[in-house]
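Please examine the sequence and the structure shown here before reading the briefing.

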2 protein chains.
Amino acid sequence: MSDEIFRNPRDGLIGPFSPRLFTLQTAHGPVNGPQFMPVGTQATVKSLTPRDLKEAGAQMILGNTYHLCMRPGHKLIERLGGLHEFMKWDGPILTDSGGFQVFSLSGLRKVKEDGVVFSSHLDGSKHFFTPELSMEIQASLGSDVVMAFDECPPFTDDKATIAKSMDRTLRWAQRCRDYKLKPHQKLFGIIQGGMFLDLRQECMEKLVAMGFDGYAIGGLAIGEPIALTHEMVRQFAPKMPADKPRYLMGVGRPQDLIVASAHGIDIFDCVMPSRNARNGQLFTSEGKVNIKNAQYIEDRSPLDPACECYTCRNFTRAYLRHLFVAGEILSAVLNTIHNISYYLALMGRLRVAIAENRFDEAAAALYKK
Amino acid sequence: MSDEIFRNPRDGLIGPFSPRLFTLQTAHGPVNGPQFMPVGTQATVKSLTPRDLKEAGAQMILGNTYHLCMRPGHKLIERLGGLHEFMKWDGPILTDSGGFQVFSLSGLRKVKEDGVVFSSHLDGSKHFFTPELSMEIQASLGSDVVMAFDECPPFTDDKATIAKSMDRTLRWAQRCRDYKLKPHQKLFGIIQGGMFLDLRQECMEKLVAMGFDGYAIGGLAIGEPIALTHEMVRQFAPKMPADKPRYLMGVGRPQDLIVASAHGIDIFDCVMPSRNARNGQLFTSEGKVNIKNAQYIEDRSPLDPACECYTCRNFTRAYLRHLFVAGEILSAVLNTIHNISYYLALMGRLRVAIAENRFDEAAAALYKK
């Protein structure tokens, strides 16, 4: 952490704020930022139908290039009409580049100038991912937003190593930029640079010079202290191009979304709401609920009295606890409906607060919960 | 098999037919027979929301007394407003007596005159089920139709053993009859007697003398050859009281429902559509589909072109195969929606055919599939 500002990073809502409303137009409709994207790894947001997603208020969802390439295969999905048609989601879709998954899921991998050699998590088979292959896959999937193929080094690497990796990410970004995607597809560049603000600044400037349709902060929320995440977003996000969407990848908890929105981030994604739902960890306006706890055995109140989702409109905590303890599939369904709805409603409240020029109070009130 | 008719049992559609329309009125609405009840063992029809069930066309669902008593407990459900309120199902509910589960699930059990001692499948704890306890549990659950507590001996037992068991079932039936249920609850008697038509006749007459709100055939579909099941239904169902609902317990495959409807059965239940759905075994108007088969990898047709369920209206076989192979929860959801819808639509077609006085042709056409 060479930079002055990161000697004493702080987390939380620290002004000045620069929240914004930003609408990304896509071939499958608008995305109103600040917006959260539910993660649909294997062509499904786990346990939810497209109808559930719409009702929860989802606009754009995320698909995973690595997973879809491994199974069922991007060429198959293309022949079947693309990812939208395959999973019957007619709203916007963003696909990641596969880079993060390759770096996080693969035990054996080797980064070369041309790309990354790795073994499939499914059958151990060898694969070689390049920027061009990532673009080819995402073109086949037909997503509305395509992410450039990047390298995501551990945040603990020293500055020289991070800088070297960042330079490679920039060369890969140019190769992605040179690839001819489908006419409706937008391409976002990914800003790396670890916890070094000057490297991030340099990376961004070079990406902007190449010209992308949006810019993402990669390499955060990968294990670093949350104070560092918040500090980086606070220092860096406001410097990102004002006329393009800003996407903070893989973040995060509700409070992290509030903080990052406060500094002008438009788009988020995270597996947390859906994964936690399956583990019985539920987000509510009254704080976290671990639904398996004995205190809910006879609790006839809704999971979150302030929530208007199908789950909260219809079922008691006692029933949700029973379903979880009994290992019922409906537990995953109802819990996921709620957690996703909770995240999307939170973003909606932030947007309304920004529009009504009362973000500071609203964010502070929401953050406390 | 002492009876003449069972020396050469035959299966299939063998006339003369005596199909009928019969409406059971309950406190939570009518049940139009012939009707199929989806099984909601643990206060949920596995993987479906109440809304999914309504859309699939479900009228009455079945709850399992044994399971609900073990977890979360019938007294808890009663304090929470009863089973309807607990699981938010506002249509009719029938609960079984727990007898069948005690006999089929429990490793250790001992039948006494007073009831059955058994060990819980969850934690091995000892329990003692009596006719009165079964009634107490079902009263707490508040189901619309309560089933008498019966003994269900293996179909291979000799006639003397079956007769002895049947006599105990009759004594238990009287104790159930004497129990004061809730005002809205109806009580069905269960006819036992194994594969012996004379014993079944005797059992039924004695139950009718006690006076029940409906009569069920128990002790079929417990492992006997399907020809025996069909023969028993063909010989016996038309003799059941015409003014009361007739319920064939635990049956069965689509073709079994057609055969039994042909002989005047009104109500069915079976775990087959929901369990098979989770295993990727799907019923369609074109025959069975094992969705994991490679032939569906690129099949862009709906699962069943003749089906109007949410799954068939929206998704391809290729997508359903992908979800199943990837082990996605949505696979269970979409497959169950279809299989339950398929069963319920089949019953609807039979009802329409009966109403239009063309059951024979309709049943024959449906049976062939």
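The points below treat the relation of the chains and then the domains of chain A.

This is a predicted model, in which local features need pLDDT of at least 70, side-chain atom pairs count only at pLDDT 80 or more, and totals for chains, interfaces and linings use all residues. Residues are numbered from 1 along each chain as its sequence is written, while chains are lettered from A and ligands numbered from 1 in the order in which they are written.

**Symmetry of the chains**

- A turn of 180 degrees with a shift of 0.0 Å along the axis lays chain A on chain B with an RMSD of 0.0 Å (least-squares superposition on the C-alpha atoms of residues with pLDDT of at least 70 in both copies).
- This is the relation of a two-fold axis.
- A:Ile329 has the C-alpha nearest the axis in chain A, at 3.6 Å from it.
- Both copies use the same surface, since 100% of the contact residues of chain A recur in chain B (contact: C-beta atoms, placed from the backbone, within 7 Å).

**Domains of chain A**

- Chain A comprises domain 1 (23-268) and domain 2 (271-369), with bounds from an automatic or database domain assignment.
- The C-alpha centres of these two domains of chain A are 26 Å apart.

**Contact between the domains**

- In chain A, 23 residues of domain 1 are in contact with 24 residues of domain 2.
- On the side of domain 1 of chain A that touches domain 2 of chain A, the elements giving two or more residues are strand 3 (35-37), helix 1 (50-56) and helix 10 (254-262) of chain A (DSSP runs numbered from the N terminus: helices H or I, at least four residues; strands E, at least two).
- Helix 10 of chain A gives the most to that side, with six residues.

How values were computed:
Two residues are in contact if their C-beta atoms, placed from the backbone, lie within 7 Å.
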